[in-house]
Amino acid sequence: MDELKYTIEAILFAAGEPVPAARMAQTLERDESEIHAAAQALSDELAFARRGIRVLRLDESYQMCSSSEMAEAVTRTLETRKPPKLSASQLETLTIIAYYQPATRAYVEQLRGVDSSYTVNALLTKKLIEECGRLNVPGRPILYKTTPDFLRTFGLQSLDELPEIKKINFADPVQLPEQQSVEELPTEAPEGQMEMQL
């Protein structure tokens with residue numbers, strides 16, 4: 001276990017980006033469950049010792065990063081700019097894509113009720129979403145999904161950790177309140193009010 005654990009540490013350090021557990025399992029000729037166990041053991045060891053680096057699990061991948069406790073010193077020393085904050089429209093668009101992915105821009109616009117070209121492009125630039133294919137309908141619109149950067153930014157290991165919401169399904173029939181029949185409508189205006197002209 002120790003040998004596998006330190007091998008994973010070296011791979012993640014050299015990679016500098018998320019590495020799928022399946023890829024490590026293939027190259028190291030180990031079961032994927034062994035990779036997950038060793039990576040988790042390494043993560044626990046670094047956190048327990050309060051080391052300056054951490055191992056993050058991002059869905060089925062792992063990445064090495066600096067610990068959040070050291071963020072101020074790292075930023076000050078390396079003069080790293082803080083990532084730009086998300087606007088309300090960008091956060092709204094990102095939320096829709098996160099919950100309904102893979103989603104097209106047209107679907108996002110249908111839910112938001114406004115053009116979302118700018119916000120989708122902004123999220124692509126920030127690498128919080130990415131293209132993941134095309135919908136098999138006329139025009140073949142691009143499908144979007146969230147990225148590992150999205151998980152890391154929001155401190156999630158997987159999309160399963162997103163809070164539950166009641167999703168909208170446009171195929172569901174709309175329930176309208178019951179209306180009075182014509183016979184039940186009053187024929188005379190209430191006293192003190194003007195009669196409505198039909």
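How many bridges join β2 to β3? In this predicted model, the two strands run antiparallel and are joined by six bridges. Together they form a hairpin with two residues between the strands. One residue of the turn, aspartate 59, has a positive phi of about 60°. Beside the turn, leucine 58 stands opposite serine 61 of β3.

The hairpin belongs to an open sheet of three strands, whose order is β1-β3-β2 and whose pairing is antiparallel. The edge strands are β1, residues 19-20, and β2, residues 53-58, and each of them pairs on one side only. Strand β3 covers residues 61-66 and pairs with β1 in the antiparallel sense over two bridges. Within that pairing, valine 19 has tyrosine 62 of β3 as its bridge partner.

A helix accompanies this sheet. Helix α1, residues 2-15, lies across β1, β2 and β3, and it runs at about 70° to β3.

Another helix, α3, spans residues 32-48 and contains glutamate 45. When neighbours within four places in sequence are left aside, glutamate 45 is in contact with Lys5 and Tyr6. With lysine 5 there is a polar contact between the two side chains, at 2.7 Å. The C-alpha atom of glutamate 45 is separated by 9.8 Å from that of valine 55, which is ten residues away along the chain. Is glutamate 45 buried, partly exposed or exposed? Its relative accessibility is 31%, so it counts as partly exposed; the range for that class lies between 20% and 50%.

Some places in the chain have backbone angles worth a separate look. Most residues other than glycine have a negative phi, and most peptide bonds are trans. Glutamate 29 has a positive phi, near 55°. This residue sits in the loop between α2, residues 21-28, and α3. With a relative accessible area of 72%, glutamate 29 is exposed, because the cut-off for that class is over 50%.

Arginine 140 also has a positive phi, of about 40°, although it is not a glycine. Its place is in the loop between β5, residues 129-134, and β6, residues 142-146. At 40% relative accessibility, arginine 140 counts as partly exposed.

Which residues does a cis peptide bond join? The bond lies between glutamine 101 and proline 102, and its omega is about -5°. Proline 102 is in the loop between α5, residues 88-100, and β4, residues 103-104.

Definitions and conventions. Residues are numbered from 1 along each chain as its sequence is written. This is a predicted model: local features need pLDDT of at least 70, side-chain atom pairs count only at pLDDT 80 or more; totals for chains, interfaces and linings use all residues. Side-chain values use heavy atoms; hydrogens and water are left out. Two strands pair if DSSP finds at least two bridges between them. Helices (H or I, at least four residues) and strands (E, at least two) are DSSP runs, numbered from the N terminus. Contact means heavy atoms within 4.5 Å. Axes are lines fitted to C-alpha atoms, for helices over the stretch in contact, and angles run from 0 to 180 degrees between N-to-C directions. Buried means under 20% relative accessible area, exposed over 50%, partly exposed in between (1.4 Å probe, protein chains only). A polar contact is a pair of N or O atoms within 3.5 Å; within protein, one must be able to donate a hydrogen and the other to accept it, and residues adjacent in sequence count only if both atoms are side-chain atoms.
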